[in-house]
Amino acid sequence: MADGTRGVPQTIVSCFNRLVVMLTHRRSWHSVSENRSLHERCCVSNYYFSRQPIGADSYYHVTEFRGRPEQPFRDVALRADNWLRTVIRTRFPKAFSNPHFYDKTQPK
């Protein structure tokens, strides 16, 4: 969703052998709808990073989770969790090492 929660959502139906490719940036909100079928949902996600950001500037953020519009209390709790994780990560950047962290200073 290009305009966050204020934009008009676009639904992409999950079906066998479908590939969805999307750009992610500061304003590209995305979510997964509740599975209302009798079948399990299976998903494989991969992230590929470019040397140049999509927007005009480079930025860093921790992954943010939000509650749906009908989940106001969950949304407040998740926003507080994101704020806390962001503060910890910015104050202590090496406190939590992640072997999967993308280091774009390393030559390819």
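How much area does the protein chain expose, and what percentage of it do carbon and sulfur atoms supply? The protein chain exposes about 10,800 Å², and carbon and sulfur atoms supply 57% of it (Shrake-Rupley method, 1.4 Å probe; for residues, only the protein chains shown count as cover).

This is a predicted model, where local features need pLDDT of at least 70 and side-chain atom pairs count only at pLDDT 80 or more, while totals for chains, interfaces and linings use all residues. Residues are numbered from 1 along each chain as its sequence is written, and side-chain values use heavy atoms, with hydrogens and water left out.

**View 1. The whole protein chain has one helix and zero strands.** Helices (H or I, at least four residues) and strands (E, at least two) are DSSP runs, numbered from the N terminus. Of the 108 residues, 7% count as buried (under 20% relative accessible area, 1.4 Å probe, protein chains only; exposed is over 50%, partly exposed in between). Among contacts (heavy atoms within 4.5 Å) with a separation of 6 or more, 49% come from residues 24 or more positions apart.

**View 2. Asp-75 sits in helix α1, residues 72-91.** Asp-75 is buried, because its relative accessible area is 12%. Leaving aside residues up to four places away in sequence, Asp-75 touches Arg-66 and Gly-67. With Arg-66, the side chain of Asp-75 also makes a polar contact of 2.6 Å (a pair of N or O atoms within 3.5 Å; within protein, one must be able to donate a hydrogen and the other to accept it, and residues adjacent in sequence count only if both atoms are side-chain atoms).

**View 3. Asn-82 also has its place in helix α1.** Asn-82 counts as buried because its relative accessibility is 13%. Again not counting residues up to four places away in sequence, Asn-82 touches Val-62, Thr-63 and Glu-64.
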